[in-house]
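User: I would like to learn how to read a protein model feature by feature, beginning with how solvent exposure is judged. Please give me the general idea each time, and then the case at hand.

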Amino acid sequence: IGRDAINRVSTRVYTSNGNTLNIILADKVGNGNVSVLDVTGKMVYTQQLNQTWTTIPISVSSGIYLVRVETEKSAETHRIIVE
């Protein structure tokens, strides 16, 4: 495994019950910001993250959303489907 692969910070983002967004940050990363955007790019939700595992109740219509997670070490975008 190369050095870049070892240093890569990754997050896990998923929904549960269709109205809860779960964000698990990689080890040693506990602060950041999450933004939820609809497919047109309109921001529908934003929140500061201050722990490794964050559960956020969201109230959005069914559809596909982009979840942008930014920390001091990385920025990643995840796609979720809300049914």
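Analyst: Buried means under 20% relative accessible area, exposed means over 50%, and partly exposed lies in between, with a 1.4 Å probe and protein chains only. Asn50 counts as exposed because its relative accessible area is 61%. This is a predicted model, in which local features need pLDDT of at least 70 and side-chain atom pairs count only at pLDDT 80 or more, while totals for chains, interfaces and linings use all residues. Residues are numbered from 1 along each chain as its sequence is written, and side-chain values use heavy atoms, with hydrogens and water left out.

User: Where is Asn50 placed, and how many residues along the chain separate it from Gly32?

Analyst: Asn50 sits in the loop between β4 (43–49) and β5 (53–57), where strands (E, at least two residues) and helices (H or I, at least four) are DSSP runs numbered from the N terminus. Asn50 and Gly32 are 18 residues apart along the chain, and their C-alpha atoms are separated by 6.5 Å.

User: Which secondary structure elements does the protein have, and what pattern do they follow along the sequence?

Analyst: The protein has one helix and seven strands, and read along the sequence these give α-β-β-β-β-β-β-β. Of the 83 residues of the protein, 36% count as buried.

User: What does the pLDDT of the protein average, and over which residues does it stay under 50?

Analyst: pLDDT is the predictor's confidence in each residue, from 0 to 100. The protein averages 83, and 84% of the residues score at least 70. Over residues 1–7, however, pLDDT stays under 50, and for this stretch the model has one contact (heavy atoms within 4.5 Å) beyond four places in sequence.

User: How should I read the nonpolar interior, and which residues of the largest core touch the most other members?

Analyst: In soluble globular proteins, nonpolar side chains tend to be buried together. A nonpolar core is a set of buried Ala, Val, Leu, Ile, Met, Phe, Trp, Tyr and Cys residues joined through side-chain atoms within 4.5 Å. The largest core here has 14 residues, and those that touch the most other members are Val13, Leu21, Ile23, Val34, Val67, Val69 and Ile80. At least two residues of this core come from each of β2 (20–24), β3 (32–38), β6 and β7 (75–82), with the largest share, three residues, supplied by β6. Leaving aside residues up to four places away in sequence, Ile23 touches Arg12, Val13, Val34, Leu49, Thr52, Trp53, Thr54, Ile56 and Val69.

User: Is Leu25 buried or exposed, and where is it found?

Analyst: Leu25 counts as buried because its relative accessibility is 3%, although Leu25 is found in the loop between β2 and β3. Leu25 and Thr52 are 27 residues apart in sequence, yet 5.0 Å apart in space, C-alpha to C-alpha.

User: Which strand holds Tyr14, and which residues does Tyr14 touch?

Analyst: Tyr14 lies in strand β1 (residues 12–16), and it is partly exposed because its relative accessible area is 24%. Not counting residues up to four places away in sequence, Tyr14 touches Thr20, Leu21, Asn22, Ile24 and Trp53.

User: How many salt bridges does the structure hold, and which side chains meet there?

Analyst: Side chains of opposite charge can pair when their charged atoms come close. A salt bridge is a side-chain nitrogen of Lys or Arg within 4 Å of a carboxyl oxygen of Asp or Glu. The structure holds one, in which the side chains of Glu70 and Arg68 meet at 3.4 Å, N to O. Glu70 is partly exposed at 37% relative accessibility, and Arg68 is likewise partly exposed at 29%.

User: Which residues form a nonpolar patch on the surface?

Analyst: Patches are made of residues with over 30% relative accessible area and no salt bridge, like charges being joined within 9 Å and nonpolar side chains (Val, Leu, Ile, Met, Phe, Trp, Tyr) within 5 Å. Accessible areas come from the Shrake-Rupley method with a 1.4 Å probe, and for residues only the protein chains shown count as cover. Val39, Ile64 and Ile81 form such a nonpolar patch, with about 270 Å² of accessible area together. Ile64 is found in strand β6 (residues 63–71) and is partly exposed because its relative accessibility is 35%.
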